[in-house]
Structures are given as C-alpha cells and as structure tokens.
Amino acid sequence: MTKMFKIALPDGSVKEMPEGSTPADVAAAIGPGLAKAALAAKVDGEVRDIMRPFEGDASLALITSRDEKDALDLVRHDFAHILAEAVQNLYPGTQITFGPATEDGFYYDFAPTPEHGPFTEEELPAIEQEMRRIIAADKALVREVWTRDRVRDFFAKTGEAFKAEWVMELPEGETITMYRTGEGEGAWIDLCRGPHLASTGKLDPNAFKLTRVSGAYWRGDPKNPMLSRIYGTAWLNKKQLDEYLKRLEEAAKRDHRKIGQDMDLFHLQAEAHGSVFWHPHGFIVWRALEAYMRRRIDEAGYQEIKTPQLMDARQWEKSGHWGKYRENMFVVPDEIPSTDEDKPILSGKADLMALKPMNCPGHIQVFKQGITSYRELPIRLYENGSCHRNEPHGALHGLMRVRQFTQDDAHIFCTDEQLVDEVSKFCQLADRVYRDLGFEKYAIKLALRPDKRAGTDEQWDRAEQELRDAVRAAGFATAEYGWEELPGEGAFYAPKLEWHLTDAIGRTWQVGTIQADRVMPGLLDAAYVGEDGEKHTPVMLHRAIFGSYERFIGILIEHYAGKFPLWLAPVQTVVATIVSDADAYANEVAAKLADAGVRVETDLRNEKINYKVREHSLAKVPLLLVVGKREADEGTVAVRRLGSEDRQVVMSVDQALSMIREESIPPDLTPH
Ligand SMILES: [Zn+2]
Ligand SMILES: [Zn+2]
C-alpha cells in the first residue's frame, strides 16, 4: 500500500498526499491557477524546489510572486546560474566558482581563460542575449543528490579546478546537491544548495540587466587568484526593473559626492583615507546641525561633555574592546618618536594607547567622578564625540562610510525603574529631530536576541519587553511608524531599537539607535548609592539620533538633492548684478543682509545674468537677488528662487530681508 503524508496548509486544512508527491502536485490539486503561479515551496519553514518530493508529514506554504522577498531571492539565484551557463557557452574554458543572489540582483565569479583575460562591459550585451536564449528554451532546473567523490571527479573531468577544490572541503557524508539546467547534450550543471524555480522559462527575460564587471579574489583572499565578477540586477518583471533603474538614475543625480563638489562642501583625498576635509560651506551645514542638536539636548536635560581621543590600552582591555574590537582600532605608542637617523623611529617598547572607536568608556569615567546618589539619576551625558575606526580602504564611501566620524552620542545612566521612561522620552526626541530635518517617514524596529548571545533567556525577555513598552508608551508602536520586530538582529549583549529614515526617493537609512546595556557599567565599575545605602550598578543607555554627523550630512545632501532649507543652506542668497552700474548698489544690499546675519555673497562678474543664474542654481543657492539699474534706482531686488529661476518677484530690500530672516529660522525656534 502507498504510504500517505499529511500536508498541512496555511489555511489550517490538511491534504493527504501519496509518498513521492511534491508541492507542485499539491498546487495542482488546489487549482490550475495556483499550479501556474507557484514558484517554490516553504516546507516546514524551509524554502525548497517545488518539484522536490515530501519526505514525510509536513507543513506547506506555496511561494508565488506575491511573496516578494522569497520570490526575488529565488529568481536572482536562477539568474546567476543562467549567467554562468551563458558565459560558459560563449567562452568555453571559462571556469565557474560561485554566484549568489544580492540585495538587488546577483553576481557570478569566473576564472576566464588566460587568453581571454577578465571580462569587460562591452561583452555584457552578448551575454545578456545568450541568457535570454536559455530562458526562452525553458530548461528544467533539476535537483540531484551526489556523493562528494562523484562531484569531485565530475569537476576534475570538466576542468573545474575551483569547484573540485571546494567540494573536498565539505564534510564527508554531507548531502551534496547538484542542479542540472536542461537535459541531455544541452544540460549545464552546478554545485548548489538551491533552491531554484522549476524551469528557466519561469523567469521574465526582460526583468534583468547585467550592470558591471569587477575583480574579486577567489574566496576573498588576496593571496588567491583574481577572478572576474559579473554583476546583474534582477526582478520579477520588467516594471520592477524599470523602476529600479530609474531609482538608480535619480540616486546618481543626488550622489552626495557630486553635489558636495558642486556646492564646494568638502573633499576627501588619499593622504587621509576616510577622513573628511570640510570646506567653509560644508562646515556651515555642520555648525547649523550642531547648534540645532545642542538646543534639542539642552532642553531634554542632557549635559554636554568632551572626553579624550587617546586612552591607555589597559582601559580598552577592561571595557572588553581590546579583545573583540582591536582590529578596528588605531593603536598608538605612548612614546616620543626618535629623529635620530640611525635609530628606528619607535623603540617598540612603549605602552600602547588607542584612538577611541567609541565614546562609552570615556563617559563612564566622567560618571564615576565623585559619589553618585540615586537622587541624581538619570544622568544624561552628551558628546559630539569624534571616533576613529579602522575600516579597510575598499569599504570607505564618501561621507557614508568613513574612518573618522563624529557621533551625536549620549549615554543615559539610570535605574531599572527609570529605563522605560527614558527610552520613551528618547523616542519622542528622535521623532522631533527627524521631522525638523525634513523626514516625514521613518520606521522604528526592535532588533531581538541573536543566536549567539550573553545572558539568560529571562534577562532577554525582560530587556526586549522594556524596549517594546517604551515605544508603546511613546505612542510609536504602530504601523504608521513602521513598528516592526526583527528576530535575531540584536547585539550579542542586548536588544536595540533602530530608526530607519525614508528619504525623498524612497531609500531607507538606518540612523538612530538606543540600546540598554547592563554589562559595560559593571565592567568599568560604575556605581551609584541606592535608597538602601548600598552600591548599585546603573543601567547605561547608549543612544544616537544622527548616528554620525558625516553620514547624516551625506544623507541630508541626497535627501534634499542639495536644495537645503534656508536654515541649513551654506549660502542663503547671492546678490547678482545685471549691469556693472549696479555694483555699488549690490554691495550695499549685501552689506545690509550680512549685518542682519544672512549668509550672503555677491556676484559682480561681467557675465550675462542667465549664465550667473545657471551657475548659482548648480551650486544650489536657494535665493538669487538680481539687481540692475532700475532696482538700484528704486531700492528693490528681483528675487528668483532655486527651481523656478525663470520667475521673479520684485520687492524692497527690507521686504526681502524680512522674508529671508523668517525662512532662516531653524524649525525648533519657529514660533508655533
Ligand atoms: Zn546555485
Ligand atoms: Zn555607547
């Protein structure tokens, strides 16, 4: 008699299926529409091929294109295989290595033949065409279980040295799967864990694009051979691809590095990898933000401090950073270098110090001065804290990823009883800041316990519940605020809340965080005297709203596309002349504005006014005050706004001044 398996469906019903049947059979039994739409299956929570037979009783959820994340992962992985097959069809002798799905597509690393050398972007259209041919052939993707030796022999025979090397490192006896694309002569095969769609024809041939090539070392190790990596982006349909390409184009226009140059805000150079040279215009934005943040933290009951850049290695040992974090720290000997030519610059015998990678241990030192009573808690210490982290050069990116950065960092020392209220207040403060800075949409997420963690389950239950309660108390644990819990994403010692901003073109940026720490204060002997007269360890809340000034300014530049609101604009207005007879008048107007605190420049060059307008609009100057003979005679200015430069409004200098002053008031100082 045939064995029957019980297959539980998401609606609670159970289907009896004979041994050997597959999720595809269940889909077909439910209806032809679902049979066509189903891409893969979740069997007992694991994503699997739709054609893979059940192994026993199981729960089943069919994956269709509506399950966008799973569906995207699947198709991207399929595209990677098809890319590899296409490349081997077109360039025989090319060896395959690995090709995973990525956040927006896929890549595959190849070892081209020495005669061919690395792939070039000129070759991509031909490869795309071959990929479309493979998709059109609607070849089945079939999972096969092989032994390790069989896999090795196969790859050795087909000249795939990388794959043959790799497979022998898999544990003996482990189930090894190979995926075959197509049958017989035209079959292509790759070592792969899967899962995949049932056939190449399930993919939309117009939903992908090969985007670029780069070099990548085999296994990411510079000692190994350099491979040639081909990247692609892939989606479920052409509409999604087009939207994505449009977003990329829009993002390129907003690139903060480009706008930073157009507006003369900052630069980076090789002599200081990952550290920013701020120019006068850029630092005006920084100062406006810093002043704004100071007002916000002052009113929220924080105290500002400044702690040392360099601290003794022993301090970092005690805080635990020396052991786990040292590879990211800049270590400096506590020694005066020798200028003697015959001697080494450093003796190598000095004590070691390190540039701080974070401010927390320094803040604990401030907290520890004197005796603190429970009556003084909470104590909120804030620092515009400059930190250094040693990131590899390749990971650095403009202002977004730097090695020297300044956090808007604060640590709140409080009792267990005060914790929820403090976190709740922080939620409100963060809300005000993000709205003031022009972000109407953001999401709050709670990152929950990871698999590897310190502490007991009871401690984690409590820590997670406290953060949840705090967000609820602040009124933000709702869909409107994108409230979401992220299993497994907390730090190893505590859960954390994260703020993700959505920018003007729909991208999200994780910026703010708050985290309750019951470990570090104890490690560094922070204590307060409780109501009972005994010593207690305070809870320490680590929190930031911007994250870092550098990255946050980068995000602001891209969010506003450089068109800052007046209070942040480096140059708020330029007085530009039409004719040179108006020079004296232009200077007079500019002086009057400057006296009133307006950031104003003049443009008296002997150039056509349209040329001047274009140039200042490229530099994103919000307001242009155009003056000619008539304006000089009448004591007026013609105001042109960035974005509608062809329209102008003539007004008196006083009117213009009061308009500019009113628009320049920072949002927290605007009367309501
Ligand atoms: Zn694969
Ligand atoms: Zn901290």
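In the predicted model, H542 is buried, with a relative accessible area of 10%. This histidine serves as a ligand of the zinc ion (ligand 2), which is coordinated by H542 through ND1, by H411 through NE2 and by C360 through SG, at 2.0 to 2.3 Å. Along the chain, the donors of this ion follow the spacing C-x50-H-x130-H. The pair formed by C360 and H542 links distant parts of the chain: C360 belongs to helix α12 (residues 360-367) and H542 to strand β27 (residues 539-548), 182 residues apart. C360 has a relative accessible area of 5%; because this value is under 20%, the residue counts as buried.

The zinc ion (ligand 1) has as its protein donors H77 (NE2), H81 (NE2) and C192 (SG), which lie 2.0 to 2.2 Å from the ion. The corresponding spacing along the chain is H-x3-H-x110-C. Both H77 and H81 are located in helix α3, where four residues, about one turn of the helix, separate them. H77 and H81 are both buried.

Helix α3 (residues 68-90) also packs against helix α4 (residues 124-136), at an angle of about 115° and with the two axes 9 Å apart. Since angles of 65 to 115 degrees count as roughly perpendicular, α3 and α4 are therefore assigned to that class. Their crossing is right-handed. On the α3 side the contact is made by F79, I82, L83, E85, A86, V87, N89 and L90, and on the α4 side by A126, I127, E130, M131, R133, I134 and I135. By residue class, this contact comprises 11 nonpolar residues, one polar residue and three charged residues.

A further helix pair is formed by α9 (residues 280-299) and α16 (residues 549-560), whose axes come within 11 Å and cross at roughly 110°. The two helices are therefore roughly perpendicular to each other, and the crossing of α9 and α16 is right-handed. Helix α9 contributes V285, W286, L289, E290 and M293, which meet Y549, E550, F552, I553 and L556 of α16. The residues of this contact divide into eight nonpolar and two charged, with no polar residue among them.

E550, which takes part in the contact of α9 with α16, is also in contact with V402. V402 is situated in the loop between β19 (379-388) and β20 (404-414). Its relative accessibility is 6%, and V402 therefore counts as buried. When its neighbours within four places in sequence are left aside, the contacts of V402 are with G274, V276, E391, L396 and E550. Between V402 and S658 the C-alpha to C-alpha distance is 40 Å, and the two residues are 256 residues apart in sequence.

At the level of the whole protein chain, 20 helices and 32 strands are assigned. The C-alpha trace spans about 100 × 75 × 75 Å along its principal axes. The protein chain has 672 residues, of which 50% count as buried. Of the contacts between residues at least 6 apart in sequence, 68% join residues at least 24 apart.

Terms used: Residues are numbered from 1 along each chain as its sequence is written. Chains are lettered from A and ligands numbered from 1 in the order in which they are written. This is a predicted model: local features need pLDDT of at least 70, side-chain atom pairs count only at pLDDT 80 or more; totals for chains, interfaces and linings use all residues. Side-chain values use heavy atoms; hydrogens and water are left out. Donors are N, O and S atoms within 2.8 Å of the metal (3.2 Å for Na, K and Ca); water is not among the atoms, so sites may look incomplete. Buried means under 20% relative accessible area, exposed over 50%, partly exposed in between (1.4 Å probe, protein chains only). Axes are lines fitted to C-alpha atoms, for helices over the stretch in contact, and angles run from 0 to 180 degrees between N-to-C directions. Angles under 35 degrees count as roughly parallel, over 145 as roughly antiparallel, 65 to 115 as roughly perpendicular and the rest as oblique. A crossing is left-handed if the near helix is turned anticlockwise from the far one by less than a right angle, and right-handed if clockwise. Contact means heavy atoms within 4.5 Å. Ala, Val, Leu, Ile, Met, Phe, Trp, Tyr, Cys and Pro count as nonpolar, Asp, Glu, Lys and Arg as charged, and the others, Gly among them, as polar.
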